[in-house]
Amino acid sequence: MKASEDKIKKSLESLIEEHSDLDDAITRLNEMVPFDQIKLQRLKKRKLTLRDEIQSLQSLIVPDIIA
């Protein structure tokens, strides 16, 4: 069980880092004039996908507690 949790945590760290990198890339792209709207949309879509994957992995590590 511990090995799978470690693997999930490593995957989670990787996804969080990629999410942060995409955030930086989106910021830089928005500062360009003119900027590539299609590329911006692709980056934002990937960022949303990563957010969903991060939430999914986090729920595996910390299960919801019903109060």
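A residue is called partly exposed when its relative accessible area lies between the 20% under which it is buried and the 50% over which it is exposed. By that yardstick Asp 23, with a relative accessible area of 34%, is partly exposed. The structure described here is a predicted model, and Asp 23 is a handy way into it, with a partner on the other helix.

The side chain of Asp 23 meets that of Lys 47 in a salt bridge, with 2.7 Å from N to O. Asp 23 belongs to helix H1 and Lys 47 to helix H2, so that the pair links distant parts of the chain, 24 residues apart. Side chains of opposite charge can pair when their charged atoms come close.

It helps to step back to the overall layout. The secondary structure of the protein comes to 2 helices and 0 strands. The radius of gyration is 16 Å, well over the 11 Å that the globule rule gives for 67 residues, so the protein is more spread out than a compact globule. Taken along the principal axes, the box filled by the C-alpha atoms is roughly 50 × 30 × 15 Å. Of the 67 residues, 18% count as buried. Among contacts with a separation of 6 or more, 66% are accounted for by residues 24 or more positions apart.

Each helix can then be taken in turn. H1 has 30 residues, which at 1.5 Å a residue should span 44 Å; the C-alpha atoms at its ends are 44 Å apart, in agreement with that expectation. H2 has 25 residues and reaches 36 Å from its first C-alpha to its last, close to the 36 Å expected at 1.5 Å a residue. At the N-terminal end of H2, Asp 36 acts as a cap, with a side-chain oxygen 3.2 Å from the backbone nitrogen of Ile 38.

Between H1 (2-31) and H2 (37-61) runs a loop, and Pro 34 is found there. The peptide bond leading from Val 33 into Pro 34 is cis, with omega near -10 degrees. For context, most peptide bonds are trans. Beyond H2, the segment that follows includes Val 62. Val 62 is exposed, because its relative accessible area of 57% is over the 50% cut-off. The C-alpha atoms of Val 62 and Pro 34 are separated by 43 Å, although the two residues are 28 residues apart along the chain.

The interior comes next. In H1, the buried residues are Ile 8, Leu 12, Leu 15, Leu 22, Ala 25, Ile 26 and Leu 29, and they pack against H2. In H2, Leu 40, Leu 43, Leu 50, Ile 54 and Leu 57 are buried, and the buried residues of this helix pack against H1 in return. An α-helix has 3.6 residues a turn, so residues three or four places apart point the same way.

The largest nonpolar core has 12 residues, including Ile 8, Leu 22, Leu 40 and Leu 57. H1 and H2 each supply at least two residues of this core, and the largest share, 7 residues, comes from H1. In soluble globular proteins, nonpolar side chains tend to be buried together. Leu 57 gives a concrete view of the packing: leaving aside neighbours within four places in sequence, Leu 57 is in contact with Ile 8, Ser 11, Leu 12 and Leu 15.

Charged pairs complete the picture, and the count comes to 5 salt bridges. Besides the Asp 23 pair, Glu 53 forms a salt bridge with Arg 46, the closest N and O atoms being 3.9 Å apart. Both partners are partly exposed, Glu 53 with a relative accessible area of 33% and Arg 46 with one of 32%. Another salt bridge joins Arg 51 to Asp 52, with the closest N and O atoms 3.7 Å apart. Here Arg 51 is partly exposed, at a relative accessible area of 40%, and Asp 52 is partly exposed as well, at 43%. Through shared partners, salt bridges also join Glu 18, Arg 46 and Glu 53 into one network.

Methods. Residues numbered from 1 in each chain as written. Predicted model: local features only at pLDDT ≥ 70, side-chain atom pairs only at ≥ 80, totals over all residues. Heavy atoms only, no water. Helix = DSSP H or I, 4+ residues; strand = E, 2+ residues; numbered from the N terminus. Core = buried A, V, L, I, M, F, W, Y, C linked by side-chain atoms within 4.5 Å. Buried < 20%, exposed > 50% of the residue type's maximum accessible area, 1.4 Å probe, protein only. Contact = heavy atoms within 4.5 Å. Expected span 1.5 Å × (residues − 1). Salt bridge = Lys/Arg side-chain N within 4 Å of Asp/Glu carboxyl O. Polar contact = N/O pair within 3.5 Å; in protein donor to acceptor, adjacent residues only side chain to side chain. Rg over C-alpha atoms; globule rule 2.2 N^0.38 Å.
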